[in-house]
Amino acid sequence: MDQNNPFLSPPTAARTFGFFVDGQWREGGEHFERASPGHGTPVTRTVRCSVDDLNAAVCAARNAFEDRRWSGLSGAGRGGVLLRAAEILRRRRDEIAYWEALENGKPIAQARGEIDHCIACFEVGAGAARMLHGDSFNSLGDDLFGMVLREPIGVVGLITPWNFPFLILCERVPFILASGCTMVVKPSEVTSATTLLLAEVLTEAGLPAGVYNVITGSGRVIGQALSEHPDVDMLSFTGSTAVGRSCVHAAADSNFKKLGLELGGKNPIIVFADSDLEDAADGAAFGISFNTGQCCVSSSRLIVERSVAAEFEKLLVEKMKKIRVGDPLDGATQVGAITTEAQNATILDYIARGKADGATLLTGGGAVDLGRGQYIAPTLFSGVSRDMAIARDEIFGPVLCSMHFDTVEDAIQLANDTVYGLAASVWTKNIDKALTVSRRVRAGRFWVNTIMAGGPEMPLGGFKQSGWGREAGIYGVEEYTQVKSVHVEIGKRTHWIA
Ligand code: NAD
């Protein structure tokens, strides 16, 4: 390791983490060793927790909720802790980004940008804690007044995936905390380090013990047990549609816990002939290559107007060939490693299926050999028909499929021809087309002449099989509350019994 800057090369030995329950670090017997997907060397060891460990964490979160050590604070009190957490994250930005890049394989520059977004999440969450409010009804007649209270829902289980371990965490945790809830977090087994580091940050910021607990381990054992747990009031799950479905069954078979689900996507990017084609090509290259396409909102279906399709694809190929695929710890890298071996194999398999199904490969189409780690070149297929697997399935890799359209109606119909509804974008200089398409495409997030832009003020979530509910911003805080109607009689009651 470089002695002057420890964040430029992988560690010489794996760092061991405990897990975090009731404000205490605990050790476990069995460990899971994680190798950096960019380097192939071990970087972290996390505990394979047991269901008993999980039960202890739920119990700690329940006690912390019931004695009101957190929900009993004022919004300003909770907001103050969140603001201090933002400051600590600012101080520890490079360190957290380093572990994120090592475990996930994403470029270090991107990881640092993500931590900046996470800091903003805490700042917005702090404001939301102070602004959260209910409603009142002054319309029920002179003798009745109605108040609508928002109360924290209780103990929240939070299950996160490996593609944005810290970002997805921070798009939820500040808003859960703003609402007054307590929680048990189960990160992906391959990317648990930064979720554990957040425990240090929140403790230093003054969060009371038991409010934020982290249990590491497998999805099959710990994730399943958390989703079935009868003492968890709400589960926020982000991950695959298949596991999301199993969470719905688990909730129905246990205590009908409320669910927030953020699942898969197969997101369209619609390019009209009247757009700035240079801008749109840059957006398309970014939209499929960012985070190696392992992004729930990756724009993986290019829907381009036929009259400019050939010109646009040529422009796009030129741009995609210039993307710098490289070592995640190299500050110049734009596209890093594929996070898991299984995902690497899945992506290569889809590329092979695209070729076998008769799509035309325009660029990429295979692994990039950097001597260590697993990397795939940004890939573009043209001549894709809507029934091909590469056009229908969420590949979760840097593989873009180009399809062509003739009219606005065709474009909308193609965009909506998916079971998902997470995100979409349109590129045009015509305001009528931009508004028509943004109103007709069924997706939770929509961009006009940009892509993956936004801030934690805006809600996130999906239509159709992309999920239930919204995260972030005031919408996100409200998801973690219950609404209670309070009716107040004014004056003397009109008696029922004469
Ligand atoms: P995954 O569904 O395999 O795992 C997600 C999390 O669920 C992990 O923590 C895992 O350990 C856990 N898990 C696994 N089996 C479980 C079970 N039976 N019960 C409860 N939890 C279980 O997903 P992944 O491979 O980590 O991530 C990729 C998927 O996540 C993609 O489909 C992607 O679209 C989706 N995703 C969606 C969003 C979004 O905001 N919509 C964001 C990121 C990723």
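Reader: What makes Phe17 count as buried?

Author: Keep in mind that this is a predicted model. Phe17 has a relative accessible area of 5%, and buried means under 20%, so Phe17 is buried.

Reader: And why is Trp99 called buried?

Author: Same kind of check: Trp99 comes in at 7% relative accessibility, which is under the 20% cut-off, so Trp99 counts as buried too.

Reader: How many aromatic pairs are there, then?

Author: The structure holds seven aromatic pairs. One of them is Phe17 with Trp99.

Reader: Why is the Phe17 and Trp99 pair called edge-to-face?

Author: Their ring centres are 6.4 Å apart, and the limit for a pair is within 6.5 Å. The planes stand at 90°, and over 60 counts as edge-to-face, so that label fits.

Reader: What does that pair tie together?

Author: Phe17 sits in the loop between strands E1 and E2, while Trp99 belongs to helix H3, so the pair links parts that are 82 residues apart in sequence. Tyr98 also pairs edge-to-face with Trp99, at 5.2 Å centre to centre and 75° between the planes. Ring pairs thus join Phe17, Tyr98 and Trp99 into a cluster.

Reader: Why do E1 and E4 count as edges of the sheet?

Author: The open sheet has three strands in the order E1-E5-E4. E1 and E4 each have a single partner strand, so one side of each lacks a neighbour in the sheet. E4 and E5 run antiparallel, joined by five bridges. As for H3, the helix packs on the sheet and touches E1, E4 and E5.

Terms used: Residues numbered from 1 in each chain as written. Predicted model: local features only at pLDDT ≥ 70, side-chain atom pairs only at ≥ 80, totals over all residues. Heavy atoms only, no water. Phe/Tyr/Trp six-rings, centres within 6.5 Å; stacked < 30°, edge-to-face > 60°. Helix = DSSP H or I, 4+ residues; strand = E, 2+ residues; numbered from the N terminus. Buried < 20%, exposed > 50% of the residue type's maximum accessible area, 1.4 Å probe, protein only. Pairing = 2+ DSSP bridges. Contact = heavy atoms within 4.5 Å. Axes fitted to C-alpha atoms, helices over the stretch in contact; angles between N-to-C directions.
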